[in-house]
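These are notes for a colleague opening this structure for the first time. They take up a DNA strand, a pair of helices and one residue in a loop.

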Amino acid sequence: MLLLWLRDLCRRFQQVPRRVTCCQASRDAKTSRAGWEEKGTNGVKWRQLEHKGPYFTPAYEPLPDSVRFLYDGKPVKLSLAAEEVATLYGKILHLECTTKEVFQRNFFSDWRKEMTAEERKLITHLDKCDFTEIHRHFVERTEARRTLPREQKQKLKEEAAKLQQEFGYCILDGHREKIGNFKTEPPGLFRGRGDHPKMGMLKRRVMPEDVVINCSRDSRIPEPPAGHQWKEVRSDNTVTWLAAWTENIQNSSKYIILNPSSKLKGEMDWQKYEVARRLKGVVDKIRAQYQVDWRSPEMKKRQLAVALYFIDKLALRTGNEKEEGETADTVGCCSLRVEHVRLHEKADGQKHVVELDFLGKDSIRYNNRVPVEKLVFQNLQDFMKDKDPRDDLFDALTTASLNKHLQDLMEGLTAKVFRTYNASITLQEQLRVLTRADDSLTSKVLAYKRANRAVAVLCNHQRAIPKTFEKSMQKLQQKIEAKQAQVTEAQVELEQAKADLRTRGENKPRSLLQKQRRLLKVEEQLARLRAQATDKEENKQVALGTAKLNYLDPRISIAWCKRFGVPIEKIYSKTQRERFAWAFERADEDFEF
DNA sequence: ATGACCACTTAGTAGGGAACTT
DNA sequence: AAGTTCCCTACTAAGTGGTCAT
């Protein structure tokens, strides 16, 4: 208690909390041995941090009188507060979430809290509310912005750039670094993923009074907006955030953080991959061990061994416990329930097939059938025996105990390192298998995409099928047919030319050569189109970006580009190149993960 | 042990703008 | 110039895993 109070006091006086520095020192002894820190500083993330604080969402701008809200068919002029919340709903009227009952109920309940007593008395049923004029108003506003004359657009762009210049950068240890999100989140209606019990709730406007500023003591402390104050100004150099507030839906912290291009973030990214590379050195031993443990007489040990097998083989997430009723019902490995597993003695012509079917992170469905070793199968049967569908599959296992075990196997090893390791090693291996040195540039890039996709599939990174997918696929098919016709035509012409040369003895070898070249060219184009179509089809439900950004050691890709003469721009966009700047300094063509 | 809390990484989506057609 | 497609980025939700108090 005393310590707590002291620490709080320290923070209030904007000093580096002593206790934190002390703790960090002991942690450092461990981490430096593991090669975590290179500067030899103890958990300290910066020495200097200066910034302007967050940029706040501009105040609410009332609707023009011409835009009406109707209740029960009659226009009602809403109070400012109630109108603002109404516009949040009207703005997203076209989105599917507004049709969900939970969303509507939560929204209506929170909206009513913003109404005056009078409004509350009048407006009692959401289905009598008509937001269509509000919705149209915002659609028109967007449209108006889109069709703005060139100079006006230019002006808006410049204003945005000015804002970016003023608020979008900080000074960290003498370097000007880009901030990731320099704006506070605007008020809005909470859009959880999947079946979220809180969808539709009002996310309130962030005020300076909610915001804690983190910066160095001797820096220019950011000014709060006129007439306002910060909640607190502190100087904690063991954390990387610049400002923080507590969001009112889940009561969790939101942070203003650095851009991924920053040195600090880059260094942390690098370390992540170095840990994964260390796993490469011990993974065989770990695999051998968990296979032995499948036979253990201890239930705990067997559950751990099977769970780890899933995490390793199927790249499952660890699956922390979640508070029931606060979030959507999703699971990971350790939180799998009996109802998520089906065992097939025989399926698809294979023995001992395990079928997993559950909602994972972001309520993305994981549905996979895999043949497993007999021992794994028998263990699963045992774990499921005499349990209800809603019971935990691994009832004797927690993520904490799993990670504790992993920590003993290798310094810095946690469950998520397996995902990183397996993702990166898969990319490297797939690139090796799929790339041919004498292929065209296009083919090489396509090979990369394939390798990337293999990882995305492994990690179950999915996306919604693009709305225009069918249409654009049809168009591509038409293009292919047209190209096919061209090829046929070119073939005929070539044959004709050959025949002419023979029969009439016409002496035009130049034209013959031209026709041959023509055929080759259209055939190549056809092949390219076909490859494109295959690629598109295989990719329609797969999200490649997540793996690329978070799981694939960029040094693998950089080395591959160098080895095969592929320009790096073909693989990484500008922001991605900035994000992976750390890797360019550390990878030559011989790099091996 | 257990749970609350915190800080950080990982995730999919909406919407805007660039690039390409018409 | 307008329409269309495609790619990128901003946004913010939802995970992981550590620490600390109880």
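1. A residue counts as near a strand if one of its heavy atoms lies within 4 Å of that strand. Helices, for their part, are DSSP runs of at least four residues, numbered from the N terminus. The model discussed here is predicted.

2. Which residues come closest to DNA strand C? They are R193, K254, G319, K416 and T575, out of 32 residues that surround the strand. On the DNA side, sugar and phosphate make up 92% of the atoms of strand C that come within 4 Å of the protein.

3. Some contacts with the phosphates run through the protein backbone. A backbone N or O atom of R193 is 2.7 Å from a phosphate oxygen of DNA strand C. For K416, a polar backbone atom lies 2.8 Å from a phosphate oxygen of the strand. D362 also places a backbone N or O atom 3.2 Å from a phosphate oxygen of DNA strand C.

4. Which elements give two or more residues to the surface near DNA strand C? These are α2 (18-33), α12 (415-434) and α14 (469-503). The largest share comes from α14, with 3 residues.

5. Sorted by class, the surface near DNA strand C holds 15 charged, 13 polar and 4 nonpolar residues.

6. Away from the DNA description, one helix pair deserves a look. Two packed helices are described by the angle between their axes and the distance between the axes. Helix α9, residues 299-313, packs with helix α11, residues 399-409, at an angle of about 80 degrees, and their axes are 11 Å apart. Angles of 65 to 115 degrees count as roughly perpendicular, so α9 is roughly perpendicular to α11.

7. Which residues make the contact between these two helices? From α9 come L304, L308 and I311, and from α11 come S401, L402, H405 and L406. The class count for this contact is 5 nonpolar and 2 polar residues, with no charged residues.

8. The last point concerns S219, in the loop between β9 (212-214) and β10 (232-234). Is S219 buried or exposed? Its relative accessible area is 9%, and buried means under 20%, so S219 is buried. Leaving out residues up to four places away in sequence, S219 touches L49 and E50. The side chain of S219 reaches the backbone oxygen of L49 at 3.4 Å.

Technical notes
Residues numbered from 1 in each chain as written. Chains lettered and ligands numbered in written order. Predicted model: local features only at pLDDT ≥ 70, side-chain atom pairs only at ≥ 80, totals over all residues. Heavy atoms only, no water. Polar contact = N/O pair within 3.5 Å; in protein donor to acceptor, adjacent residues only side chain to side chain. Nonpolar A, V, L, I, M, F, W, Y, C, P; charged D, E, K, R; others polar. Axes fitted to C-alpha atoms, helices over the stretch in contact; angles between N-to-C directions. Parallel < 35°, antiparallel > 145°, perpendicular 65-115°, else oblique. Contact = heavy atoms within 4.5 Å. Buried < 20%, exposed > 50% of the residue type's maximum accessible area, 1.4 Å probe, protein only.
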